[in-house]
Amino acid sequence: NDDQDDLKPSATPGYKPTGTTKTADEYAKLDAEDESLARWKASLGITPGVSTGDTSGPRVTVLTLELDSPTLPPGKKLVFNLKDTAKMADIKKNPITIKEGVEYNVRITFKVNHSIISGVRYIQLVKRAGIKVDKLEQMLGSYGPHPQGEPYTKNFDVEESPSGIVARSGSYSVRSRVVDDDGEVYADWEWSFKLAKEW
């Protein structure tokens with residue numbers, strides 16, 4: 001696929017691949033006598049004895065993609081459940097409508113299943129008629145499994161949708177990916193949108 005270079009995360013200067021990953025419990029026991037390190041690890045949900053569950057599956061599960069804007073009509077939400085494969089296939093073929101010339105932001109919810117994640121990014125590649133028109137790359141940050149098993153929510157920077165008659169003609173195809181610095185892909189999906197005068 002010719003998009004692979006665009007979907008790779010930017011290199012982080014000085015970063016060296018981690019090789020083998022440790023479980024959250026293994027990290028919790030490392031340098032246990034260092035108080036400031038213990039506080040930092042606790043902020044990530046890493047405390048001794050926390051069960052990290054099954055470590056055979058993916059470290060991260062992306063649950064939803066949401067487009068949010070203060071201009072959305074009351075009660076209207078654009079939330080897509082990535083586990084609903086039929087709906088995801090539908091929004092790939094039948095574009096969702098985004099109002100032109102408004103501020104909006106992408107929001108994802110995800111669950112850290114086990115281990116610690118760092119250097120995880122969201123990459124969004126937008127094409128129109130097969131030509132790249134936009135690329136968004138945003139860092140998720142560092143997370144451990146949530147102590148109560150809850151998902152995390154990440155809001156990305158506000159963007160402005162294009163406007164004008166040319167922008168409104170045709171639809172845009174989007175490829176979204178959640179990937180870490182080691183190149184491990186946690187989620188990869190396609191969807192599409194069109195621009196209109198109203199939501």
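Two strands are taken to pair where DSSP finds at least two bridges between them. On this criterion, the predicted model contains an open sheet of 5 strands in the order β3-β10-β9-β5-β6, with mixed pairing. Strands β3 (96–99) and β6 (131–143) stand at the edges with a single partner strand each, so one side of each is left without a neighbour in the sheet. On average, and with direction ignored, neighbouring strands of this sheet are turned by 30° against each other. Helix α3 (residues 85–93) packs on the sheet, where it touches β3 and β10 (185–196), and its direction makes about 45° with that of β10.

Strand β9 has pairing partners on both sides in the strand order. Strand β5 (residues 117–128) is joined to β9 (residues 171–179) by 7 bridges, and these two strands run antiparallel. Within this pairing, Val-174 in β9 is the bridge partner of Val-126, while Arg-121 stands opposite Val-179 of β9. The pairing of β9 with β10 is likewise antiparallel and comprises 9 bridges; here Arg-177 stands opposite Asp-188 in β10. These two strands, β9 and β10, form a hairpin with 5 residues between them, and Gly-183 in the turn has a positive phi of about 90°. Of the 9 residues of β9, 7 are buried, so the strand is largely enclosed by the rest of the structure.

The nonpolar interior was examined next. In soluble globular proteins, nonpolar side chains tend to be buried together. The largest nonpolar core of the model has 38 residues, among which Phe-110, Val-178 and Trp-189 touch the most other members. Strand β10 supplies the largest share of this core, with 6 residues. When neighbours within four places in sequence are left aside, the contacts of Val-178 include Val-62, Ile-108, Val-120, Tyr-122, Leu-140 and Trp-189. Polar or charged residues are also represented in the contact list of Val-178, including Arg-121 and Glu-184.

Aromatic contacts form a further part of the picture, with 7 aromatic pairs in the structure. Tyr-122 and Phe-156 form a stacked pair, with 5.0 Å centre to centre and 15° between the planes. This pair links distant parts of the chain, as Tyr-122 belongs to strand β5 and Phe-156 to the loop between β7 (152–155) and β8 (159–160), 34 residues apart. Both Tyr-122 and Phe-156 are buried. Trp-191 and Phe-193 form a tilted pair, at 6.1 Å centre to centre and 40° between the planes. Trp-191 has a relative accessible area of 3% and is therefore buried; Phe-193 also counts as buried, at 8% relative accessibility. In addition, ring pairs link Phe-110, Tyr-143 and Tyr-152 into a cluster.

At the β3 edge of the sheet, attention turns to Thr-97, which is located in that strand. Thr-97 has a relative accessible area of 22% and is partly exposed, because this class begins where the buried range, under 20%, ends. The C-alpha atoms of Thr-97 and Trp-199 are separated by 6.0 Å, although the two residues are 102 apart along the chain. Residues up to four places away in sequence not being counted, Thr-97 touches Leu-78, Lys-194, Ala-196, Glu-198 and Trp-199.

Methods. Residues are numbered from 1 along each chain as its sequence is written. This is a predicted model: local features need pLDDT of at least 70, side-chain atom pairs count only at pLDDT 80 or more; totals for chains, interfaces and linings use all residues. Side-chain values use heavy atoms; hydrogens and water are left out. Helices (H or I, at least four residues) and strands (E, at least two) are DSSP runs, numbered from the N terminus. Axes are lines fitted to C-alpha atoms, for helices over the stretch in contact, and angles run from 0 to 180 degrees between N-to-C directions. Contact means heavy atoms within 4.5 Å. Rings of Phe, Tyr and Trp (its six-membered ring) pair if their centres lie within 6.5 Å; planes under 30 degrees apart count as stacked, over 60 as edge-to-face and the rest as tilted. Buried means under 20% relative accessible area, exposed over 50%, partly exposed in between (1.4 Å probe, protein chains only). A nonpolar core is a set of buried Ala, Val, Leu, Ile, Met, Phe, Trp, Tyr and Cys residues joined through side-chain atoms within 4.5 Å.
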